[in-house]
Amino acid sequence: MPLVGNWAYPTAVRFGAGRIGELADAVKATGMARPLLVTDTGLAQTPMLKRALEALAGAGVPVSVFAEVRPNPIAANITAGLSALSDGGHDGVIAFGGGSSLDAGKVVAFMAGQRRPLWDFEDVADWWTRAEPSGILPILAVPTTAGTGSEVGRAGVITDEETRSKKVIFHPLMLPRIAICDAELTIGMPPATTAGTGMDALAHCLEAYCGSAYHPLADGIALEGIRLVKDNLARAYRDGTDVSARANMMAAAVMGATAFQKALGAIHALSHPVGALYDTHHGLTNAVFMPYVLVFNRAAIDDKIARLAAYLGLEPSFDAFLGWVLALRAELGIPPTLANLGVDDRQFDRMSEMAPLDPTAGGNPLPLDRKNCRRLYEKAYSGSLT
Ligand SMILES: NC(=O)c1ccc[n+]([C@@H]2O[C@H](COP(=O)([O-])OP(=O)(O)OC[C@H]3O[C@@H](n4cnc5c(N)ncnc54)[C@H](O)[C@@H]3O)[C@@H](O)[C@H]2O)c1
Ligand SMILES: [Fe+2]
C-alpha cells in the first residue's frame with residue numbers, strides 16, 4: 001500500500017463542562033455579527049437553549065432562532081432555513097443540537113451563497129468543487145448529543161424525500177470554525193438516545209479503524225475513541241448525570257468524526273437506506289448492524305481487531321471483541337435484529353440496490369455489492385451471526 005494521504009484536522013474545539021458560557025465570545029471569534037441559531041423543534045423549548053439565548057442577548061449579540069429541523073432532516077428544512085437566514089439578514093449560523101440540527105445548520109450556511117440546487121453538492125466524486133466557496137457562511141457548532149461528531153465534520157446528511165434516500169452533502173468549508181463541546185448540555189438526553197448516539201460514535205471509530213486506507217493518525221484516534229466508549233457509554237446510559245462519562249463520550253464523538261475522514265463502511269452503507277425508508281434513529285440502526293458487519297468483514301480485519309481487543313484489555317482475538325460488542329448492545333437495550341427494530345423485509349431489494357451506492361460503501365474493507373448487501377440485510381433481520 002502506498003504511504004500517501006490527505007490529512008486535515010483543523011476545527012478549534014472548546015471542550016469542557018460549562019463552556020457554553022463562552023458562546024457569545026465564540027460567535028465574535030468566528031466573525032459573525034447577526035447569527036441564525038438553527039435547532040430542532042424539541043430543543044427549542046428547553047431551558048438550556050433559553051439560557052444560551054439570554055447569554056447572547058446579554059452580550060449584545062442579536063440572534064434569531066430557526067427551529068424547524070426534524071430528526072433525519074429533509075430538504076424542506078434547508079429551504080425553510082435559507083428563507084429565515086435571508087429574511088433576518090444573518091451572516092453566520094450557530095448549529096445547536098444533535099446531529100440533525102448540526103447537519104441542517106451547516107447545510108443552510110453552505111447553501112446561503114450557492115446558485116445550484118442542493119443535490120448538486122452530494123458527496124459524489126468531486127462535485128463539491130461545483131460550489132462557490134466565497135458564499136459559505138461561518139458556522140459555530142454546539143452539540144447536545146454525543147455521537148455524530150458533526151461538530152468537527154465537513155458533511156451534512158439530508159434525506160431526499162423524492163428518492164427516499166439519505167444524501168451526504170459535502171464541502172471542506174462546511175467544517176465549523178469553532179465547536180463548543182460542553183458535556184453538561186448532553187445530561188438531558190434520555191437513556192435510549194444516549195445509547196443510540198453513543199453507538200454511532202463507536203461505529204465511526206470502528207469503521208474508520210477497519211478501513212484499509214493509509215491513515216495512521218485516524219487509526220490512533222479511532223483506537224482511543226473506542227476505549228473511551230468502552231469505559232463510558234454504559235456509565236452514561238445508567239446515570240445520565242455522570243458528567244465525566246458524558247464528557248468522555250463527547251470526546252469519543254469528536255474523535256469518531258475526526259477519524260472517519262479515513263473511511264466509513266458497511267455499517268453506515270446498510271444503515272442509511274433503513275433510516276431513509278423507515279425513519280429509524282441513525283446510531284441505533286448502526287448498532288443493530290455492527291456485529292453482522294464485523295462477521296462479514298472478518299477475513300479482512302481479523303488481525304486488526306485482535307490488536308484492538310488487546311488495547312481494550314480484552315483477550316486479543318476477534319471473538320473477544322465481537323463478544324464485547326454483543327454484550328454492550330444487550331446492556332444498552334439495543335434491538336438485536338432488524339425485525340426487533342421494526343423493519344420488515346419488504347424493501348430488501350430496494351435497500352440492497354441503495355447500500356452499495358452509498359458514499360460510505362467504498363470505505364468498507366471488503367467490496368460491497370447488491371448480492372452481499374442483501375445477504376447482510378437478511379442476516380441482520382433473522383439474527384444470524386454465522
Ligand atoms: N454529519 C455527519 O457526519 C453525521 C454523522 C453521523 C450521523 N449524522 C446524522 O445525524 C443525525 C442523527 O443525529 P443524532 O443522533 O445526534 O440525533 P438527532 O439530532 O436526530 O436527535 C435525536 C433526538 O434527541 C433530541 N435531543 C438532542 N439533544 C438532546 C438533549 N441534550 N436532551 C434531550 N434531547 C435531546 C432531539 O431533539 C431529537 O428528538 C442523522 O440524521 C444522521 O444521519 C451525521
Ligand atoms: Fe454515523
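Guide: Four donors around a metal are called tetrahedral if all angles lie between 85 and 135 degrees; four are square planar, and six octahedral, if opposite donors are over 155 degrees apart and all others between 65 and 115, and anything else is irregular. The structure above is a predicted model, in which local features need pLDDT of at least 70 and side-chain atom pairs count only at pLDDT 80 or more, while totals for chains, interfaces and linings use all residues. Residues are numbered from 1 along each chain as its sequence is written, chains are lettered from A and ligands numbered from 1 in the order in which they are written, and side-chain values use heavy atoms, without hydrogens and water.

Visitor: What makes the site of the iron ion (ligand 2) count as it does, given its angles?

Guide: The angles among its four donor atoms run from 84 to 168°. Tetrahedral geometry would require every angle to lie between 85 and 135 degrees, so this site fails that test and is classed as irregular. For reference, ideal angles are 109.5 degrees for four tetrahedral donors.

Visitor: Which residues are called donors of the iron ion (ligand 2)?

Guide: The protein donors are Asp200 (OD), His204 (NE2), His268 (NE2) and His282 (NE2), at 2.1 to 2.2 Å from the ion. Donors are N, O and S atoms within 2.8 Å of the metal (3.2 Å for Na, K and Ca), so these atoms qualify; water is not among the atoms, and sites may therefore look incomplete. Along the sequence the donor residues follow the spacing D-x3-H-x63-H-x13-H. His204 in helix α6 and His282 in helix α10 (residues 282-311) link distant parts of the chain, being 78 residues apart. Helices (H or I, at least four residues) and strands (E, at least two) are DSSP runs numbered from the N terminus.

Visitor: What makes the pairing of Asp103 with ligand 1 a polar contact?

Guide: A polar contact is a pair of N or O atoms within 3.5 Å; within protein, one must be able to donate a hydrogen and the other to accept it, and residues adjacent in sequence count only if both atoms are side-chain atoms. An N or O atom in the side chain of Asp103 is 2.8 Å from a nitrogen atom of ligand 1, so the pair meets the limit. A backbone N or O atom of Gly99 also lies 2.7 Å from an oxygen atom of this ligand.

Visitor: How do you know whether Asn72 is buried or exposed?

Guide: Buried means under 20% relative accessible area, exposed over 50%, and partly exposed in between (1.4 Å probe, protein chains only). Asn72 has 8%, so it is buried. Asn72 sits in the loop between β3 (64-69) and α4 (75-87), with a positive phi of about 55° although it is not a glycine.

Visitor: Why is Arg164 placed in its accessibility class?

Guide: Its relative accessible area is 35%, and Arg164 is therefore partly exposed. Arg164 belongs to the loop between β6 and β7 (165-170), and its phi, near 50°, is positive. Most residues other than glycine have a negative phi.

Visitor: What class does Leu338 have, and what makes it so?

Guide: Leu338 has 0% relative accessibility and so counts as buried. Leu338 lies in helix α12 (residues 338-341). Its C-alpha is 8.0 Å from that of Tyr377, 39 residues apart in sequence.
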